[in-house]
Amino acid sequence: MSARIFRFAPSPNGYLHLGHALSALINRRLADEADGLLLLRIDDIDLDRARPEFERAIIEDLGWLGIRFDGGIRRQSDHLDDYTAALEALSGEALVYPAFMSRGDIRRHIADAEASGRQWPRDPDGAPLYPGIDKHLDEVERRRRIDAGAPFAWRLDIDKAAQLAGTALCWREDGSGPNGESGRVSVDPKRWGDVVLARRDAPASYHLSVVVDDAIQNVTDIVRGRDLFYSTGLHRLLQELLGLPVPHYHHHRLVLGDDGRKLSKSRQDTGIAALRAAGMTPADVIRLAGTD
C-alpha cells in the first residue's frame, strides 16, 4: 500500500503566524499517525509579492517549532510550465476565455447594476461574480484585442465546465466545514462564477496551481484551514476537468484574533518571529496555537 502524503504550502509574502503554525502542526501529527509523509511546498506563484527573505524566515520558523518535513522543497516558481500545460488543456476543450475587463471596469459595471436595484451575486468569499461580458465576444474580436496588446486574464467558463463535469461532484471531508459539514460533501462549483485561472502578471491562479501541484506530488491528504473549505468545490471541478486524482480533505479550525477575525499577513498579525523575539519557547507557541 502506498504511503499517504500530506503537504504544508505557505506563501512567502509575509511571516508565519499562529494560524500557519497550527496548520503545520496538524499536518505533521496526522502524517505521523498515518505513518505517512509531509511535504513542504512554497506557493510563490504570485511573483510580485513573493520574497526570498520571507521564504527563509518561514523555513527557519518551522524548523524552530520542530516541524519535520520529508523530501525536498517544491517551489511553484520553478514549475510554471506545469500550470501552462494545464491551462492549455482547458483551452483545448474551450473551457477558458480571455477576459479584458479591468478591475475598475468590473467595479463600475457592478456598481451601476446595484444602483439600478439589482442584487449582484457573490462567491462564497463574498466577492462579486465576474459579469461575463467578454465571454460573448467572437473570436475575431478577441484576436484583434490580443494582437493590439490589450491586457487580459484567462477565466473559466463555469457553465461549460460544470456541464462537462456533471452533477455528481463531491469530496470526502475528514475534518469539518464552517457549518459542521463532514463526510461526503457535494459540490456546487457555479457559486464561484467565471474565476480567473491565469493573468499576465501571474501565470496561474492559486486555484489552478494548487490542484496541479497536489497531483504532481501525489498528495493524498489535504489539511488546511476552514477559510478554504468552499474553495474545495472549485478544486474538485478542476480536478475533474483535468483528470486528476481526488485527495481526502481535512479542514480545521482557524486561529482568530482578538477582534474575532482570522489572522492575516496583510494585517500584520503577531507572527512566529515576533513571538520568538519576545522570548517565547517553541512549547509556548505550540500551546498558544492550541490543537484542532
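**From the first strand to the cores**

In this predicted model, strand β1 covers residues 5-8. I5 and R7 point one way from β1, while F6 and F8 point the other way. All four of these residues are buried, the charged-type name R7 included. Strand β2, residues 37-42, runs parallel to β1, and 4 bridges join the two. Within this pairing, R7 stands opposite L39 of β2. To get from β1 to β2, the chain passes through helix α1, residues 18-33. This β-α-β crossover is right-handed.

Now turn to the nonpolar interior. The largest nonpolar core holds 34 residues. L90, L156, L197, L208, L237 and L241 touch the most other members. Several elements each supply at least two residues of this core: α3 (80-92), α6 (158-165), β8 (196-199), α7 (206-216) and α8 (231-242). Take L237 as an example. Neighbours within four places in sequence aside, L237 is in contact with L156, I158, A161, A162, A165, L169 and P189. Another core, of 24 residues, lies apart from the largest one. Its members include F8, L16, A24 and L65. F8 also belongs to β1, where it is on the side shared with F6.

Finally, step back to the whole chain. It has 10 helices and 10 strands. Of its 292 residues, 47% count as buried. Among contacts with a separation of 6 or more, 78% link residues 24 or more positions apart. The C-alpha atoms fill a box of roughly 60 × 45 × 35 Å along the principal axes. The radius of gyration is 20 Å, which agrees with the value near 19 Å for a compact globule of 292 residues. The chain exposes about 14600 Å², and carbon and sulfur atoms supply 50% of that area.

Terms used: Residues are numbered from 1 along each chain as its sequence is written. This is a predicted model: local features need pLDDT of at least 70, side-chain atom pairs count only at pLDDT 80 or more; totals for chains, interfaces and linings use all residues. Side-chain values use heavy atoms; hydrogens and water are left out. Buried means under 20% relative accessible area, exposed over 50%, partly exposed in between (1.4 Å probe, protein chains only). Two strands pair if DSSP finds at least two bridges between them. A crossover is right-handed if, with the strands pointing away from the viewer, the path from the first strand over the helix to the second runs clockwise. A nonpolar core is a set of buried Ala, Val, Leu, Ile, Met, Phe, Trp, Tyr and Cys residues joined through side-chain atoms within 4.5 Å. Contact means heavy atoms within 4.5 Å. The radius of gyration is taken over C-alpha atoms; the globule rule is 2.2 Å times the number of residues to the power 0.38. Accessible areas come from the Shrake-Rupley method with a 1.4 Å probe; for residues, only the protein chains shown count as cover.
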